[in-house]
Each structure stands twice: as C-alpha cells, then as structure tokens.
Amino acid sequence: MSKITEAFKGKKAFIPFITGGDPDIDTTEKLIIAMAQAGADLIEIGIPFSDPVAEGTVIQEANQRALEAGCTTDVLFDMVQRVRLKTDVPLLFMTYLNPVYTYGKENFLSRCAECGIDGIIVPDMPFEEKDELDTLCMNYKIDLISMLAPTSEERIALIAKEATGFIYCVSSLGVTGVRSNISAEIGHTIDKVRKITDIPCAIGFGISTPQQAKSLAELSDGIIVGSAIVKLIAKYGRDCVEPVIEYVESMKNAIEHFK
Amino acid sequence: MKKGRFGNYGGQYIPETLMKAVQEIEEAYEFFKNDPDFINELDSLLKNYAGRPSLLYYAEKMTRNLGGAKIYLKREDLNHTGSHKINNVLGQVLLARRMGKTRVIAETGAGQHGVATATVAALLDMECEIFMGREDTERQALNVFRMELLGAKVHPVTSGTMTLKDAVNETMREWSSRMKDTFYVLGSVMGPHPFPTIVRDFQKIIGKEIKEQILFAEGKLPDVVIACVGGGSNAMGAFYEFINDSSVKLIGCEAAGLGINTSKNAATIANGTVGVFHGMKSYFCQDLYGQISPVYSISAGLDYPGIGPEHAQLYDTGRAQYVPVTDDEAVNAFEYLSRTEGIIPAIESAHAVAHAMKLAPLLKDQIIVVNLSGRGDKDVASIARYKGVSVYE
Ligand SMILES: Cc1ncc(COP(=O)(O)O)c(C=O)c1O
C-alpha cells in the first residue's frame, strides 16, 4: 500500500492545498511543516502556472503572486527536499501538464522521487491522456491521482479501476473556489466507486467551513481544502502561518469524530 | 491510435469535468456531419446568409505593380460579418442547436469570431455570451458594441495578459460550470479534440472553392497558397484541400510583432516549443518552465501564444512553411492593398498580404493565392493610432 493510501487508514483524512511559493518559498516551507504538525494527513502543493484553467480567482491570484515572487519548479523541488528533513507527511504536487512536459517528464518524476514527493495530481490530464505519465509514475513509485467529476457518470468505473493513491472527487461543476452550497450528489459517485475498488475517495472543490467538512466527510474518506486556505494566505501574507494553523485545526477537529 | 491526433499533436488535455461535454460534441458531430438534413441546412445558410461562395479575385494592379507572380485574393472579407469566422460559427451553432443547446459561449480576440457568434446566435435564437480580453475590448471597441447590438453579453476578461489566451481560459472556466444547456463555439482549429477537426471541416470550404475557382480561371492549380495564422483556422481552411497536391506550396504567416528577436511577438513556430495547453499538444510560446509567454501583435486576432495541432504536424512534416511577419510589414501591406486595389484588409489578413508582396517579385509566371480572411473596417481606428493620426469615431 502506498504512503498516500496509508494516510487514510483508520481516519478521515484532512488534505490542505496551498500554492507553492505564495507569498514566497520560505512561507510555503513553514506552512507545510506547521500544517503537518497541526494534523494535516496529506498536503497538496500547487506548482504555479501562468494559465490555471481549472482554478477560480482565489487560486489564480495565488499562482500569479508565486510566479511574481520567482517561484519555479526547481525552487519547489529544493524546498521539498528541505521539508523532507523535518516531516514525513505525504506530499503531492498539483500541477498542470505543461510544466511537467516542459521540464521533461522523466526528469520531473525522477526529481519528485528524489525529493520525496509521493503523488501528483494533473487536472488537465484526463483518463484518455494519462499514458503521458502513468508508466513513469509507476517506475518512480509516485501515485498518479485520478479525478472524478459530477459529470463523470459512465466514466466512473473506467477511471476508478486504474486509480492509484486515492481518488480526487470534484464536488461541483466549475472551477475551484469557496462555495456556500455543495450538493451531496457526489456521494452517489463515491458509492459507485466503492462497488469497484476500496481505494480511498477524498472530496474537494468549494469546501471552506467545518460544517461542510463534517457532512462531506460522512460521504467520503477525506476532505481537500484549497481556496479557503489560500484566501488566508492572501490576507495575512508572510504572517499567515498562525491563522492557517488555527483553521487547519478547526477543520481537522470537525472531521475527527469519525475516527 | 488515440483520438484527435495529428501525428504527435492534438489530444484532449482538459479537466475531467469537461470530458463529457467534448465527448457529446464529438458524438453529435460524427452523426450530423453525414446527416443530409444538417448538410442542407448548413449549405443553405452558407449560400443565402453568409454569401458563399466568396469571390476569387484577380488582383491585376497588385500583380502588375509587384511585377512577378499572378496574385489572386480569396475574398473571405466579403462574407457576412466580414471574415471567414462565419463559416465555422454557422456549422457549430447549427450543431449546438441540433444537440438541444440553447446557449452559446465563445472567446474572441479581434472580435470577429465574437461578432460572428453573436450574429448566428441572433439568427438561430440562442442566448450568447462572449469573453474578450479587456485589452482587446479597448483596441476593438467597435466590435464590442457590434456584439451588444446583436444581443450578446460581452465579458471583459481581466485575468493574465487580458488578451485572447485569457479569453479562452475564461470561456473554458465558464463552460466547466455550465454545460447542460451551453455549447462552447471555439473560434479556431485549436483546443481539445474534436474542435481542431470540426473547425477545419467547417473551414475547408475555403480551399475547395479556391481550387474550383482557380481551375476555372487558370486551368491549373496555384503554386502558392498564403494565409495568416493565429490559431490557424483560415489557413487550415485554405490549405486543407491542397495538402495532397504536392506542387502547391502552403505558407502560414505568423505575427512577429516588433520582431522575432524581441520579446514582443506572437510567432509560435519561429519561437515556440512543444507543450500542452488549452486542451491540445502543439507548439507554444513559453519559457523553460512551461509558463506560457505573454505575446504581442498589433493584430488582436493573431495575438495568441499557440497554434492549432494540425499546423504543428504540417510544420514538422515540412508540408507547410511558416514565416514571421512584423507589425510594420503588416501595416505597410494594409495601406498598400487599400490604395492599390481599393480593398481594406483585416490587419490579420494583411500579414498574409505582406508575405505575398515579398514573394511575388521572385515568382515570375507563378500563381499566388492569398486568403484575405477578413475586412479591415474594424482596424481603421487602431491603424490610425499606430500612425499617430487622431480620428474621432
Ligand atoms: C480576419 C481574421 N483573420 C484571421 C484571424 C486569426 O484566426 P485564425 O488563425 O483562426 O484564422 C482572425 C481572428 O480573430 C481574424 O479576425
């Protein structure tokens, strides 16, 4: 069982997302270590991209800030290498395919393995195109995370069968961003997955409140929260660690009682 | 063999959320492209509404003046709404209607694709929303008002570089939030499969007509076909019919802005590398880490950091050639064609005219066809600005 799948064992996982290098790389490093201490079970680090098509304005702006602050793929690899000396929390890169492709697919994955990245999520690489990376991921023991969306329907079985690590279940249509209402519809998707495989399913997109986290954790194995955290980082800049930790703890508490 | 590939290029690099929507379109298109009813309806609109076939005009004065090759202009500027964009839009909006969609969305650069989409949406009673970079809404202000007159809602896009690529980003985002009733009318031979194929199929009528018309006028094929390339739809439309006629040279003209050795250009083949963006694998202007470069051209319609995947293949195989044309050369050609032939070309098309002007003197007794993809009325104010002339619109 991979380190990522392991992280879901016996508990509901809380998975925070931050954009790497926002507002600067040192803050990202501190955030990762502090969030791991505060109970994050896995951590997703976004590689900033000039044109994040699946992102709403909050994360778009974080991408912009990170790029302007000089964050690059190499800067992130180096940071992960430093972080690995202090925590063994499973780490995932969330990246569009182009930065991987341009870095050189094999180069990218061998650097991931070297630095201690456990999995990657590539939102613009659907099932039909996953052979770009799946063999390389297998060779380097990196979990390639599959996504399911509310529109996946008859594609669910196809995708779930070949999924590794966990399945990222997109809660709603549209792009990332805080939503006041999240339909419980995604529960049906997860029910269908359960008939095929016992791989963990985590729900992401739109979740911000402990209440939402709690009710969606009931339907799944874990909760992914991005924009709500990135908003705090935007608001507090380099002083964001404390408010982010407070928030992570509150979310973790909300889903804790399912243990 | 994977779907929607042109050699190594193309594909479907989009979020899972959108997969169902593109697969629905693919399925519907595979059916309707052979449906006699659909074909008749499209043919009839192309003829009676868009005004096809467009003329193949022998530019006699230009030919004499340049003193070499015989120059013909394929007059896509004479289509209803003033560019080739209407060919594709009629096809896609009819398809959307057959699929039961009631709302169309589209990106636009110069505004020509937006105007064409708003026009056909008005005709076919569809709701219409257009996404346009804020910078483009300023340099093509008249087209914004035109779209609004036609009943469309225009959203200025303020993310990123606020031009065409950002308009595409924003239209994709909008589409991923609302697919049930909404069809994304993509404006060029780009994006995820099946768009590059669909758009090429709806544009290939340009080359088909050129072939018939030139055979009628000259009794032989042209030696060269030249077209400007933004995403590449008018070029693909003009080239496609000639791909197997190896004697016909195909030349695409990219926007070199202030020059390909400056940071201000949009010359994807000259300066780009292979990457994956906007749903497709192709050539893109990007940095070493795969960040898409901010690009520049005087022409909003060519101000795009990528090129359609079929062009990427034509380039790799050497079947087509791609050349950079600067702002200065394009503006010069814009004025030249206006004065010499009394035809004001779109600044996009003027890039192709500029290359024909370079080539013609070298090609005695040969025939050049220039695809005049659009008319220049929309550009008059921005050319005046470029020349430092103040005009009051
Ligand atoms: C008149 C005209 N020509 C050419 C283009 C470039 O698009 P494409 O390369 O798809 O033909 C545009 C785009 O806006 C246009 O308006």
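In chain B, the side chain of B:K85 places an N or O atom 3.1 Å from an oxygen atom of the ligand. That is one of several polar approaches to the ligand in this predicted model, and B:S233 offers another, with a side-chain N or O atom 2.6 Å from a ligand oxygen. B:N234 joins in as well, its polar side-chain atom lying 2.8 Å from an oxygen atom of the ligand. The protein buries 97% of the 390 Å² that the ligand exposes when taken alone.

**Around the ligand**

- The ligand is surrounded by 18 residues.
- The closest of these are B:S188, B:G230, B:G232, B:S233 and B:S373, and B:S233 is also the residue with the 2.6 Å approach mentioned above.
- By character, the shell is made up of eleven polar, five nonpolar and two charged residues.

**A nonpolar patch on the surface**

- B:F145, B:L149 and B:L150 together make a nonpolar surface patch of about 310 Å².
- B:F145 belongs to helix α7 of chain B, which covers residues 141-149.
- Why does B:F145 count as exposed? Its relative accessible area is 51%, and the cut-off for exposed is over 50%.

**Cis peptide bonds**

- Most peptide bonds are trans, so the two cis bonds below are worth a look.
- In chain A, A:D22 and A:P23 are joined by a cis peptide bond with omega of about -5 degrees.
- A:P23 sits in the loop that runs between β1 (13-19) and α2 (25-37) of chain A.
- In chain B, a cis peptide bond links B:R52 to B:P53, again with omega of about -5 degrees.
- The loop holding B:P53 lies between α2 (36-48) and β3 (56-58) of chain B.

**Positive phi outside glycine**

- Most residues other than glycine have a negative phi.
- A:K141 has a positive phi, near 55 degrees, and is not a glycine.
- You will find A:K141 in the loop between α7 (134-139) and β5 (143-148) of chain A.
- B:H278, also not a glycine, has a positive phi of about 50 degrees.
- Its place is in the loop between β11 (273-277) and β12 (279-284) of chain B.
- Are these two residues buried or exposed? A:K141 counts as exposed because its relative accessibility is 73%, whereas B:H278 counts as buried because its relative accessibility is 3%.

How values were computed: Residues numbered from 1 in each chain as written. Chains lettered and ligands numbered in written order. Predicted model: local features only at pLDDT ≥ 70, side-chain atom pairs only at ≥ 80, totals over all residues. Heavy atoms only, no water. Patch = residues over 30% accessible without salt bridge, like charges linked within 9 Å, V, L, I, M, F, W, Y side chains within 5 Å. Areas by Shrake-Rupley, 256 points an atom, 1.4 Å probe, with all protein chains shown as cover. Salt bridge = Lys/Arg side-chain N within 4 Å of Asp/Glu carboxyl O. Helix = DSSP H or I, 4+ residues; strand = E, 2+ residues; numbered from the N terminus. Buried < 20%, exposed > 50% of the residue type's maximum accessible area, 1.4 Å probe, protein only. Near = heavy atom within 4 Å. Polar contact = N/O pair within 3.5 Å; in protein donor to acceptor, adjacent residues only side chain to side chain. Nonpolar A, V, L, I, M, F, W, Y, C, P; charged D, E, K, R; others polar.
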